[in-house]
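Work through the following exercises with the sequence and the structure at hand. Each task is followed by its solution.

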Amino acid sequence: MSGPKVFLDYEQKALDDAYDQAVYAANRDQVIARFASASRVTRQHLGEPQRFAYGKSALEGLDVYRTRRPDAPVNVFIHGGAWRAGLARDYAFPAEMLVSAGSHFAVLDFNNVLEAGGDLMVMANQVRRAVAWVIDNARQFGGDPGRVYVSGTSSGAHLGGVVATSGFAVKGYVLGSGMYDLRGPRLSKRSSYVAFTDEIEDALSPQRHLSRVSAPIVLLYGSLETPEFQRQSRDFAAALQKAGKQVELIAAEGYNHFEMTETLGNPFGPLGRAVLKQMNLV
C-alpha cells in the first residue's frame, strides 16, 4: 500500500532516497577516496598550494594552485559533500588540468553545516566572502580579476548558484549535479541535520532569484544520478532560459553523482571540457 505524497509525486522514503546519493551510487566511497588520492598526486606534481585567508577563522582560507602564465584567469572551485563534509585539500585533483591549460585554480575551505549548527547561511556567506576575496586580490597570485570563473559540484554547485545570484563580477559558472531550489531537500531527511526555515529556503534557492543572474551558467548532471538531482538541473536550466539568461544544460550519459565530480580533472570529461570551453582554454 502506497503512502501519502510529500513532494511532487514522491512518498517520504522515495524522496529521502532521491536526496541520498549512496542509494544511487554504490561506488560512492571508492570514488571519494580517489578524490583524495588524486589530490595527493596533484600536489606531488605541482607542489603545495599557496594558502590565503579570506576571513578570521582558521578554516576561512583557500588553496591556490598557480599557473605560470601572467594575468591568468582564475577558476574558483566550491566542493560538495552534502553540506556536511569535504576539505579543499581533497579537491585539488582538477588543478593539474587547469594549471596546464593556463588558469589558476583556487579551492575554498568553509565550515560544514554541522559545524555551523545546521545553519546553511553560515556556509553561503563564507563562500560569498571567499569569491569576493579572489576577485579583489587575484593580482596577489598573478590572476586577472576580470576573468574569475566559479565551478562547483553537488552541494558546492548549490552554493555556486547562490553566488551566481549575489551580484559578483564573475565571468561564468559551471555547476554540476547541484540543487537550486531547497523545497525538496527541506522535505527530505536532510532536514535532520540542516535547520531549514522559510527564510533560509527562499534566500538560498537560486531558482527563485533569476533576475540577479548576470553571467553565463553551464549546468551538468549524470544520467545515473538520483531523479531529484536530474530534475533540479533541468528545472533550473528551463527557468534560466525562460528568464532570458545565458544557460547551457548538459546531460552526461553513464555517470553517477560522484563520477561526475571526478570528470572535473579530465579535459575530455563532461565537467572538465565544460570548464575549459567556458574559460576559452581550448
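The exercises concern the sheet and then a pocket.

The model is predicted: local features need pLDDT of at least 70, side-chain atom pairs count only at pLDDT 80 or more, and totals for chains, interfaces and linings use all residues. Residues are numbered from 1 along each chain as its sequence is written, and side-chain values use heavy atoms, without hydrogens and water.

**Exercise 1.** Determine the strand order of the open sheet and identify its edges.

*Solution.* Strands here are DSSP runs of E with at least two residues, and helices are runs of H or I with at least four, numbered from the N terminus. Two strands pair if DSSP finds at least two bridges between them. On this basis, 8 strands form an open sheet with mixed pairing, in the order β3-β4-β6-β5-β7-β8-β9-β10. The edges are β3 (50-53) and β10 (247-252); each has a single partner strand, so one side of each lacks a neighbour in the sheet.

**Exercise 2.** Describe how β4 is joined to β6.

*Solution.* Strand β4 (residues 61-65) runs antiparallel to β6 (residues 104-108), and 4 bridges join them. Within this pair, Y65 stands opposite F105 in β6.

**Exercise 3.** Which helix lies across β9 and β10, and at what angle to β9 does it run?

*Solution.* The helix is α9 (residues 227-242), which lies across β9 (217-222) and β10. Its direction is at about 155° to β9, where axes are lines fitted to C-alpha atoms, for helices over the stretch in contact (heavy atoms within 4.5 Å), and angles run from 0 to 180 degrees between N-to-C directions.
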